[in-house]
Each structure stands twice: as C-alpha cells, then as structure tokens.
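Biologist: Before we discuss any labels, show me the model. Then tell me what each label rests on.

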Amino acid sequence: MDQIIECVPNFSEGNQPETIRQITEVIQSVNQVRLIDVDAGQATNRTVVTFVGPPEAVCEAAFLAVRKAAQLIDMRKHQGAHPRFGATDVLPLVPVKGISMEETASLARQLAQRIGEELQIPVYCYENAALEEKRRNLADCRSGEYEGLSQKLSDPDWQPDFGPARFDEKVARSGATAVSARNFLVAYNINLNTTSTRWANAIAFDLREKGRVKREGGTLTGKPLKNNQGEPLFEPGLLKGVKGIGWYIEEYGIAQLSFNITDITRTTIHQTFEAACQRAEIRGLRVTGSQLVGVVPLQAMLDAGRYFLHKQKRSAGVSDEALIKIAVKSLGLDELGPFDPKKKIIEYLIEDKDARPLINSSVSQFVENTASESPAPGGGSVSACMGAMGAALGSMVANLSAHKRGWEAQWETFAQWAEKGKTFQDQLLRLVDEDTRAFNAILSAFQLPKSTDQEKQDRRTAIQKATRYAIEVPLKVMELSYQSMEVMKAMAQTGNPGSVSDAGVGAIAARAAVRGAALNVQINAKEYPDKSYNDKVLKTVTEILSKSQQLEEDILTLVHRQMQG
C-alpha cells in the first residue's frame, strides 16, 4: 500500500464483550482494513481499538464503527473512571506511511463532517484537525464531559464543528465525538538492572518533557516551588513529546521506564533509548533492554537500525531485514521475549497474505513465471528487475569499500553511496510489480462492457488511463536506472579495486534496464491518442537513451583502466 493511516477510536464501553465484538466486526468488514488491537478496560468502562489500512478504507471503517457504537451504547446509562462525552468518545487518525499530517487532518475533517451530517452526532475537531486554536486541546473540547454536554451545545462559543447543536433524545443517547489527526504514539518501556522504582522514576523525570517539580535549593528534598496560582512549577526534561514514569514489573522482577512517545518525528525510539542509557549510567545503573508495547511504523525501526550502524561506522545501505535486526539487538527488544517484526511492524501486519508479489519470488520462480504463456510479467518487469540488480551491485561495491581495512577515514562517504544505491534499488523493485499491474490494468479495461454509448465512452476512458500509466511506469524505470549509474561510476572511480568489475556489471545491467524499459514506453505510446504527450515522452526517451549510453561507456572505460592497473 502506498498510503497507510491508523485509527484509534475510544468507545465508551468496556464491560460488554458482545457490544465490542459487534463494533469490531463492522471495522473488519471493510476490505484492506486490518484490526490490530482491542483493549477493554472495566474500571474505565472504555475500549481502545486500533486498526490500520489505506486512508479511504480506514475512514469508511471508522464511520461504520461510529454508527454501530451509536446504535449499541446509551450514554445516559454510562459510568466510568475515564473522561468521556460520547459513545465514540475520541476518533484520532494517524499518518503512518506515504501521507502527510496535512492530508490526514483533511481526511479527519471530512470524516467529522460525514459523522455530523449523516449520523446527526455533534462533532468537535481537535489537535491537528482543529478548525480553531481554542479547540486544539482535547481536554477543552471535552470539558464538562457528557453530563455538561447539554449546556455546552447551547453555548455559542462551543457549537460543534459539525452535526446538531442541540441536546435531543438522539444526541442524549450518542453523546458527542471528538475527531482529530495526530502523530503516531509509541508505547515504549526501557528495562533497568534494578528493582528500585525510585531510581526508575528519577530517570523518567530526567527524560520526560514535563520533567520534575522544582524545589527550593535545587535539591530533591527541598520544598516544592509553586506559581502565583498555587500550581507546582516544573523543571523541563530532556525529550520533547515524551511522557513517562518509572515502575516495578513483578512479572519480570525489574524496574522499567515506561514512556509514551507522542511524536516520533520529534523524538525517536533510539534517541529515547540512548538518553535513558546515559541517565542510568550517571546513577550507577545499566539499561539492559527495552520493550515495544503495541505496534510501530517500519520507518521507526529502519531509522534505529541506521543510527546504530552509523554509530559503529558501518554502512546502512543494507536490506530492511538487516536494519531491523540491528535495531532489535541494539535496543534489546528481544530481552523479555521474542520480537517478531511480522507482528510488531504495521506495514508487515497489513500485508495482503494472499498476494504473491513477483519480488517475493525466488529467482527460479521469477524466471519460470516470465517464461510461462502469460504475457505478464514481461519486458517491463524484467527491465525493472535488471535495474534493481544493477543498483544493488553499486551498493555492494560501496558497502565493501566502506568496510575495507585501511579505508576507515572514507567509510562515511562510501556509506552514503551505498544508501543512495539502496534507494534506487528499492524504487526499482517496487516497479517490477507495478509494471505488471499496469499491463493487467490495460487488459481489464479492454474487458469492460461496450453495449451502450456510455459504456463505450467509459471503456475508452479506462483504456486511455491504463495505457498512459503503462507508459509512465517504464519511463520511471528508465529514469531511475539511468540515475543509479552515478553510483556505479563513483565506485568505478574510487571504490574497492577488487570489486571494480562488479561496478561495471552494475552499469551494464542499468543500461540494459534503460533500453528495455524504453521499448515498453515506445510500444505503449503507439496506442495512446494524445500526440503532444507522446512527442514529449518520446523525446525524453531519446535523451535518456543517449545519456545512459555515454555514461555506460565512461564507466566501462574506468573499469578497464582499474583492471589493467
């Protein structure tokens, strides 16, 4: 999936499993949505549900869940320890992959409007979806809770953003809902070699954004300092967007630092871990490992892996699997139990288990699929595969150079080239399957009905749209394959001399990818009716073919020169 968002609705029911089951059933009924977690609390009489998927599907599932909750939960009878004002109390959307916060906030407002208009539920938008600054804080939107909702709805300053501004029988039952867009929250515990909750709290207070209470004389035992309103004053902690406490876990017989990282774009998992290690050492303690509660975006794990490899002066231009492995070992995520990336990383959790991407095939399977009677995979996918393999060879030479004995002073430069090559490799690998999907879209368009004039027009439009995409995909393969050749050239010039032939093979593979993809662009352009578009595309094809030919010749000249000593 190119775009993924998470939704974490909180429902005001924690004691009736059947109610929660019916709500989660409608969530799971939406195609491509994956239910990750259901956390029911009896004392709070509240259930937190987590599900993920592509934006349109997640918003549809969220709407259905709100509708079902309004049907099943009567707020007039609700009692619970947690603040609340509606059957679906809060409904945050969280960008996970391929989507900005601004786009997510726009989706949240559209969802809020649909809930307000179609379900006639008062809706307040908060955090990044807030329509006015005073509504950014959830506590302000929910002030007075359900018991004060009637008065709130009649207050001109607190009319809902969407939905009815009246407390009729329907609203009395459903209450109100707060919809937001917020950053991904990671629940993260860090293990200490102590049983002391006091020491754990001391470290947690050092790190959390709120910090600790200021005291007279700057000592831990001095009288707490307060402001003019009689509220305690705080000394801010080291990490922004982090909440935390220390506690003792009897199950493991250790003290832990328990953090909620509320914005991993400001403070990462590995930054939190490293800061905890430093503050523990000051107190004569040691961090022994850590624990992720719930799920985490893939990018957070890849970033951690890159950080620790760079700390070791090693290249991070390696596979995602290798990056995740170094992250797990460096953070000690497997100390208290196995860490299974397939169950802890969002993107892996929602993979279509029935899909069989070509890039997940073995080499022999890919070759056999290509040789079969099916027209796809064909030359476009093979070209993308050649391009990916060429870029991989460039990365390989860079990685070998970065780790070559005696070349330590240059490791960072080579590591940057390896990571650049890995970026080209990843993009080209995605295009292996994308080219096949583009071809299949053309076949599907030709199979559309054509009995009526409208059907004929729709069919023509679909064919043209699919054909244009079948031009754009191999054109992208050409561009990326050509651009990747700069890695091979750099490695032919300055890389490990013992691997210079690999840089040459990488250049040959990349050039072959350019030429193969060009044929696909040209044959598909013949079927596209927009002449001005075709002329522009074919001009680009000619330019890339010419430049890639010259670059291949330059690289091979360097390779032969190096090989001849």
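Modeller: Start with burial: buried means under 20% relative accessible area, exposed over 50%, and partly exposed in between (1.4 Å probe, protein chains only). This is a predicted model, where local features need pLDDT of at least 70, side-chain atom pairs count only at pLDDT 80 or more, and totals for chains, interfaces and linings use all residues. Residues are numbered from 1 along each chain as its sequence is written, and side-chain values use heavy atoms, with hydrogens and water left out.

Biologist: Why is Ala 172 called buried?

Modeller: Its relative accessibility is 8%, so Ala 172 falls under the 20% limit and counts as buried.

Biologist: How do you know which residues Ala 172 touches?

Modeller: Contact means heavy atoms within 4.5 Å. Not counting residues up to four places away in sequence, Ala 172 touches Asp 74, Met 75, Arg 76, Tyr 146 and Phe 167. Ala 172 itself sits in helix 6 (residues 169-174). Its C-alpha atom is 24 Å from that of Ala 130, 42 residues apart along the chain.

Biologist: What makes a run of residues a helix or a strand?

Modeller: DSSP runs decide: H or I of at least four residues for a helix, E of at least two for a strand, numbered from the N terminus. On that basis the chain has 18 helices and 13 strands.

Biologist: Why is Asn 360 called exposed?

Modeller: Asn 360 has a relative accessible area of 60%, which is over 50%, so the label is exposed. The residue lies in the loop between helix 12 (346-349) and helix 13 (363-371). The C-alpha atoms of Asn 360 and Arg 279 are separated by 43 Å, with their positions 81 residues apart along the chain.

Biologist: What makes Gln 32 only a middle case, partly exposed?

Modeller: Gln 32 has 44% relative accessibility, neither under 20% nor over 50%, so it counts as partly exposed. Gln 32 is in the loop between helix 1 (17-28) and strand 3. Its phi is near 80°, a positive value in a residue other than glycine.

Biologist: Asn 45 is in a loop too, between strand 3 and strand 4. Is Asn 45 buried or exposed?

Modeller: Buried: at 9% relative accessibility, Asn 45 is under the 20% limit. Asn 45 is not a glycine, yet its phi is positive, about 50°.

Biologist: And in strand 4, why is Thr 50 called buried?

Modeller: Thr 50 has 11% relative accessibility, again under 20%, so it counts as buried. Leaving aside neighbours within four places in sequence, its contacts are Glu 6, Cys 7, Val 8, Arg 34, Leu 35, Ile 36 and Asp 37.

Biologist: How do you know that a space is a pocket and not a cavity?

Modeller: Both are sought on a 1 Å grid over the protein atoms alone. In a cavity, a 1.4 Å probe fits but cannot get out; a pocket is an open set with protein on both sides within 12 Å along at least five of seven lines. Lining residues have an atom within 4 Å of a point.

Biologist: Which residues are closest to the centre of the second largest pocket?

Modeller: First its volume: about 1,300 Å³ of space lies in the second largest pocket. Of the 36 residues that line this pocket, Val 8, Arg 182, Leu 185, Asn 260 and Thr 262 are the closest to its centre. Several strands each supply at least two lining residues, among them strand 3 (34-41), strand 4 (46-53) and strand 5 (88-97).

Biologist: How much of the whole chain is buried?

Modeller: Of its 565 residues, 49% count as buried.

Methods:
Grid points are joined across faces, edges and corners, and a volume is the space filled by probe spheres set on the points.
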